[in-house]
Amino acid sequence: MMTARKIENAAQLAAYRVALQRAHDPQQRCLTLCGGTGCRAYGAERVLASAKEHANGDVQVRMTGCHGFCEKGPIVVIQPAGIFYQRVQPKDIDSIVHETIAHDHIIERLLYTDPATGGKIEREHDVPFYARQTRLLLNQNGLLDPTNIDEYIALGGYASLAQALMDDGENIIEQITRSGLRGRGGAGFPTGVKWRTMRDGIRNRKVEIGNWKIQPPTSNFQFLTSNFQPPTSNRGYIICNADEGDPGAYMDRSLMEGNPHRIIEGMIIGAYAVGATRGYVYIRTEYPLAVKHLRGALQQARAWGLLGKNILGSGFDFDIEVRLGAGAFVCGEETALMASIEGRTGEPRPRPPYPAQRGLWGKPTIINNVKTWASAPLILERGADWYANIGTAKSKGTMIFSLVGKVMNTGLVEVPMGITLRELIFGIGGGIPNGKEFKAAQIGGPSGGCLAAEHLDTPIDYESLSSLGAIVGSGGLVVADEDTCMVDLARYFMNFVQEESCGKCTPCRVGTKAMLDILTRITQGRGEDGDLERLEELARAVKDSSLCGLGQTAPNPVLTTLRYFREEYREHIYAGQCRARVCKGLIRYEIIPELCTGCLVCLRNCAQKAITGEKLKPHVIDDALCGKCGVCQALCRFDAVKIVTGVPVAALAV
Amino acid sequence: MIHLTIDNRDIEVRQTMTVLEAARANGISIPTLCYHEAVAPYAACRLCMVEINTPRGGKPGPDRPGRIVAACAQPCEQGLTVQTNSPRVQAARRVTAELLMASGEHLPLVQAIARAMGAEHAATTLPPNDCILCGLCVRACDELVGAHAISLVERGLDKKIAPPFEITSAACIACATCVLICPTGAIMLKDIAPSLPHPQPLAHEARGDKSPPQPLAHEARGVKSPPQPLSHEARGDKSPPQPLSHEARGDKSPPQLLPYEERGVKSPPSFVGKGAGGLGSHDARTCRVCGEATLPRVFADAEYLLNLPIERDQKAEVQAL
């Protein structure tokens with residue numbers, strides 16, 4: 001890292017970039033190690049320690065952001081050749097340094113094996129998982145060290161900002177509008193329109209709608225806990241919504257961990273375009289690494305003169321503050337998020353007025369998702385028309401999905417809008433493991449819907465998904481196979497929403513509980529005639545009448561599973577059957593006497609002492625005592641334990 | 001002035017009005033629960049839901065369902081079409097009433113709502129709670145009193161009204177605004193300020209009287225002689241009544257107030273309890289200050305609060321014109 005020096009104008013920034021690029025030897029061997037949270041969980045930090053120990057003078061060791069292929073972590077890529085090693089352990093580092101780096105000798109056992117062909121793949125960009133993606137936002141994640149601003153600048157970072165600061169805000173908004181970028185937080189509101197509303201709001205060109213009694217600015221909690229004063233001189237605010245909370249979704253985290261400067265650059269461009277003077281990043285406390293990298297990046301950007309007073313000599317002042325969320329899912333909703341920043345209870349409020357009209361501390365405010373902000377520099381750099389060419393007619397650009405669940409290649413996937421589910425799950429995702437059958441894809445988290453096999457060829461864009469009852473959402477994509485019970489899945493998501501409901505409005509607070517009660521009853525084998533109709537009635541009412549997006553979308557998993565997997569619900573209620581053999585109230589474990597050898601293993605390991613029998617004689621499971629833990633089945637070496645479904649236990653008891 | 005359509009009636013209102021205000025100003029009733037003219041709209045109870053179609057999207061029709069919004073917080077807009085009683089609105093209100101019944105079935109107010117919306121059974125069962133989380137007390141304390149002594153704490157089903165850290169707040173001035181604005185009687189002043197005395201009649205000077213009130217003389221009352229207490233002899237007692245001393249009662253020491261643990265009470269008097277038992281009487285005729293059944297009913301009928309549809313005699317109106 002070069003010495004910190006304030007960059008005073010665009011020319012100096014360009015000269016600095018050239019100097020950095022000249023100082024970098026393109027042939028310099030570099031061992032890059034994925035430092036995303038996923039790979040760290042696999043032990044990437046131990047691998048890093050080992051690499052630093054073994055590396056001699058001519059090897060650079062660099063811990064980068066998340067590469068996305070989390071299934072195969074820890075990931076090591078040898079640059080500049082791009083040799084891709086997966087599942088690397090500390091003991092492997094010695095051979096990597098002495099064979100691959102010193103003598104260009106490829107270590108076969110660490111290479112990725114393509115399950116389709118069985119062949120080994122050497123280069124990162126040849127791995128089918130990467131080859132089929134369009135990585136616009138994630139492309140730098142695997143190249144740069146997120147703790148060093150110089151690497152971002154050397155790769156062309158902050159050039160869009162320098163260009164934007166010489167332009168007029170109107171033109172920037174015009175470009176964003178023309179690019180067709182839509183909010184990546186899930187709802188897909190056109191970003192350009194939002195920015196335009198804010199710019200007009202600040203300049204008071206439009207009369208606001210309605211007579212809004214402003215919320216009282218302080219509460220007793222603020223008097224007690226805080227010494228801050230709401231900044232009064234500011235004209236408007238911009239907020240980066242990094243309160244990512246959907247189960248299984250982590251693309252925002254990876255971007256913040258791996259490339260924080262791209263987000264900061266996007267925010268400065270946005271602030272300049274709309275005329276805001278202060279920005280906030282609202283981020284979950286549960287993302288400590290992202291917080292650390294983001295804070296470090298902000299500090300560096302300030303030291304380099306890219307943030308703060310008079311940015312790059314343009315006379316534009318702007319600064320960003322990091323605010324930590326306290327663990328409430330609802331604070332990802334924009335009005336609740338603003339309330340939380342203001343120090344009030346994280347509760348949504350009705351819109352209008354929209355935040356762009358009257359937001360944080362009563363001032364016009366723009367809230368965009370991490371990915372939306374990160375897209376802005378890209379659009380300015382490569383042009384609105386280039387961006388508008390990617391994707392479908394109404395949904396432009398790329399979308400990052402976190403592909404999780406019952407799929408071979410779990411990880412972060414960036415694809416153009418309009419790609420089909422089949423390509424995403426079977427092409428990039430590599431299909432379903434263990435030869436199981438695809439059953440459903442839960443897209444969009446707890447607000448999204450479950451799509452069935454018949455929708456595999458539907459293009460993924462905002463309109464198509466919403467016509468099917470799902471949403472693009474933040475991009476969580478949970479794949480379910482034949483072993484997943486759809487009723488149980490719907491119950492899981494309803495349970496999540498019920499626990500995360502803020503409790504302000506009645507439909508969401510009590511309605512989710514009422515739906516959860518019915519779903520729980522069905523999964524316990526106590527479903528009744530009329531439950532499905534009642535569930536639909538409640539779901540429609542909660543969807544219609546809830547105050548904010550959380551409640552309005554909470555019934556989506558229930559509605560879509562009822563729409564596409566109604567037969568499964570009916571089996572639960574009328575046949576006492578769970579075809580996935582998941583719902584404990586509807587299954588029984590049985591020992592097949594012909595296969596049982598009487599080895600006593602299950603009997604000894606049964607925690608409930610539900611198995612009786614003698615040595616060398618077939619054992620019997622007492623259903624009344626059985627806790628349905630499945631240990632007997634897991635331990636049986638003769639496949640003598642099977643799960644039977646079809647008779648509800650409640651009926652047996654009667 | 002702008003024009004909008006509410007229930008097929010063309011209405012002219014000021015631009016700054018909400019849909020609820022516009023409807024009520026024109027005699028169209030919309031039920032409300034968490035709404036109060038004196039405080040900012042909160043849009044939480046979801047009873048005032050209406051179906052709207054904005055002019056931007058063309059004419060409403062079966063292929064173009066409207067958006068369901070809370071009328072109390074929806075600003076009027078030129079060309080807006082509002083339906084206050086569409087089937088979708090009715091269904092949503094009925095379910096909301098069923099959801100309110102889950103924890104408030106015992107409350108006369110909730111019963112009235114349920115009757116009006118056609119809700120028969122609670123949607124689920126929750127522990128009975130007098131508080132329906134309308135938030136009126138919090139807004140009144142913030143906006144009218146400026147004390148900020150209470151707020152909504154916790155999340156979801158655990159949400160409740162409480163002072164900071166659930167200890168009696170020094171910010172509370174015991175003005176009883178929250179007590180009076182609460183539509184269900186869930187807050188009692190004695191819960192907030194246990195030591196507060198029962199209101200005392202003003203002294204005669206404060207009332208502007210020269211002398212304290214005097215009983216009428218017996219002549220003025222038409223009684224021939226002043227009332228005479230019976231002497232103890234006349235009652236057949238040998239000596240005037242004497243209170244027994246504690247020794248005479250067989251007690252070793254004068255009576256002492258037991259601490260609450262020894263009385264078998266688990267905790268000191270709480271602020272707003274969770275169950276029906278902890279919150280005093282639900283009877284609006286009960287004095288909310290001392291809990292005695294003395295004061296007249298301070299609160300209007302539930303039906304008035306709800307502003308339920310009034311049967312209008314349209315023929316009579318036409319004739320009057």
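This is a short dialogue on a predicted model, covering the contact between chain A and chain B and one sheet of chain A.

Student: Why is the pair A:D544 and B:R88 called a salt bridge?

Tutor: The closest N and O atoms of A:D544 and B:R88 are 2.8 Å apart. The cut-off is 4 Å between a side-chain nitrogen of Lys or Arg and a carboxyl oxygen of Asp or Glu, so the pair qualifies. The rule finds five salt bridges across this interface.

Student: Which elements of chain A give two or more residues to the side that touches chain B?

Tutor: Helix 10 (220–225), helix 19 (486–500), helix 20 (506–523) and helix 21 (531–545). Helix 20 gives the largest share, eight residues. That side of chain A divides into 17 nonpolar, 14 polar and 12 charged residues.

Student: How many residues are in contact, and what area is buried?

Tutor: 43 residues of chain A are in contact with 46 of chain B. The buried area is about 3600 Å², with 58% from carbon and sulfur atoms.

Student: Now the sheet. What makes strand 12 and strand 14 of chain A edge strands?

Tutor: The strand order is 12-11-15-13-14, in an open sheet with mixed pairing. Strand 12 (411–416) and strand 14 (449–452) each have a single partner strand, so one side of each is left without a neighbour in the sheet.

Student: How do you know that strand 11 and strand 12 of chain A pair?

Tutor: Pairing needs at least two bridges. Strand 11 (398–405) and strand 12 have six, in the antiparallel sense. The two strands therefore count as paired. A:F401 stands opposite A:V413 in strand 12.

Conventions. Residues are numbered from 1 along each chain as its sequence is written. Chains are lettered from A and ligands numbered from 1 in the order in which they are written. This is a predicted model: local features need pLDDT of at least 70, side-chain atom pairs count only at pLDDT 80 or more; totals for chains, interfaces and linings use all residues. Side-chain values use heavy atoms; hydrogens and water are left out. Contact means heavy atoms within 4.5 Å. Buried area is the accessible area (1.4 Å probe) that two parts lose on being put together, summed over both. Helices (H or I, at least four residues) and strands (E, at least two) are DSSP runs, numbered from the N terminus. Ala, Val, Leu, Ile, Met, Phe, Trp, Tyr, Cys and Pro count as nonpolar, Asp, Glu, Lys and Arg as charged, and the others, Gly among them, as polar.
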